[in-house]
Amino acid sequence: MASVIVPAHNEASVIRRCLDSLHGQAGLDTLIVACNGCTDNTAEIVRKEYPNAICLDIVTPSKVNALNEAEKWVTTWPVFYIDADTRLSANAIQTIMQALESNPTLLLVAPEPVIDTSQSSWLVRQYYRTWLQLPYIRDGVVATCSYVITQTGRERFTEFPAIINDDGFVRCQFERQERGNISGAEIFITAPQDLHSLIKIKTRARLGNMQLAAANLCTKADKKPYSSILLNKLMSREFVPALAYLSIASFIRWRAARQYHNLRPYTWEKDQSSR
């Protein structure tokens, strides 16, 4: 039986679809919703409409703190860590648990991401068209807004540190052969509608990676052969989306570099367009 932790900060508009996707999932034992620093009625929705869930109402608005507090309630493994603005496919929990049972080498896994860009602008769609084809993204617990850790895997670190990129930190604790995405289990993610919202969340991710590198917290980082891959795409029929991706990614790198020197008062940038 598995536990599920859903950190939630002002997620009243999306929390129902996330929790509804967990309802009736075989293999689910404990559901913990870690509301943190909410100024809306997220916690009230959870308490009233999902009485079987453990609802934590934490004052501090911090995702990593919410994860640490929620783990105190965990009694069964593996643990699924799922963002509140996503939803799992039917039978995803059971499918992933069966995969872990059949392959004890796997310690960190995730469902396969399905990103909905139907409401996104043309530039956002072009960005994701290239981004999703990058091997680093498609292979091994990246861009899923979720991850699953076995009890043995969780022994790799004591607690979630005070960082922006919790999933990047977790991923860096495991070798390539110890992690992977599980076929047959999907997580549905709604892409930002506009370019400004995309830039905000990707800047946050970039800042998180910079923070991990500076603190030497990413001990098992992968090499990313982006240059050769994107060069090939620029010389192919994928020229337009590849050029759009490169332009947007370059601006994100510049924006993140500017913000990095002033991280102490960092305000979490969130995509409101998809909510």
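Relative accessible area sorts residues into three classes, buried meaning under 20%, exposed over 50% and partly exposed in between, with a 1.4 Å probe and protein chains only. The close-ups below show a predicted model, in which local features need pLDDT of at least 70 and side-chain atom pairs count only at pLDDT 80 or more, while totals for chains, interfaces and linings use all residues. Residues are numbered from 1 along each chain as its sequence is written, and side-chain values use heavy atoms, with hydrogens and water left out.

**View A. A salt bridge between Arg 16 and Glu 49 links helices α1 and α2.** A salt bridge here is a side-chain nitrogen of Lys or Arg within 4 Å of a carboxyl oxygen of Asp or Glu, and the count by this rule comes to 12. In this pair the closest N and O atoms are 2.9 Å apart, and the partners, Arg 16 in α1 and Glu 49 in α2 (residues 42-49), are 33 residues apart in distant parts of the chain. Arg 16 counts as partly exposed at 36% relative accessibility, and Glu 49 is likewise partly exposed, at 40%. Helices (H or I, at least four residues) and strands (E, at least two) are DSSP runs, numbered from the N terminus.

**View B. Lys 48 and Glu 44 form a salt bridge within helix α2.** The N to O distance is 2.9 Å, and the two residues lie four residues apart, about one turn of the helix. Lys 48 counts as exposed, with 63% relative accessibility, whereas Glu 44, at 36%, counts as partly exposed.

**View C. Lys 63 and Asp 83 form a salt bridge and both line the largest cavity.** The closest N and O atoms of the pair are 3.1 Å apart. Lys 63 belongs to helix α3 (residues 63-71) and Asp 83 to the loop between β4 (79-82) and β5 (86-88), so the salt bridge ties together parts that are 20 residues apart in sequence. Lys 63 is partly exposed, at 22% relative accessible area. The largest cavity (on a 1 Å grid over the protein atoms alone, a set of points where a 1.4 Å probe fits but cannot get out, lined by residues with an atom within 4 Å of a point) holds about 40 Å³ of space. Its lining also includes Pro 7, Leu 67, Tyr 81, Ile 82, Tyr 147 and Asp 166, with α3 and β4 as the elements that give two or more residues.

**View D. The second largest pocket has a volume of about 230 Å³.** A pocket is an open set of grid points with protein on both sides within 12 Å along at least five of seven lines. Of its 13 lining residues, the closest to the centre are His 23, Leu 28, Leu 31, Asn 52 and Ala 53. Both α1 (15-22) and β2 (28-36) supply at least two residues, and β2 gives the most, with four.

**View E. Trp 122, Leu 123, Phe 239, Val 240 and Leu 243 form a nonpolar surface patch.** Patches are made of residues with over 30% relative accessible area and no salt bridge, like charges being joined within 9 Å and nonpolar side chains (Val, Leu, Ile, Met, Phe, Trp, Tyr) within 5 Å. Together these residues have about 440 Å² of accessible area, calculated by the Shrake-Rupley method with a 1.4 Å probe. Helices α5 (122-131) and α11 (239-260) each give two or more residues, and the largest share, three residues, comes from α11.

Terms used:
Grid points are joined across faces, edges and corners, and a volume is the space filled by probe spheres set on the points.
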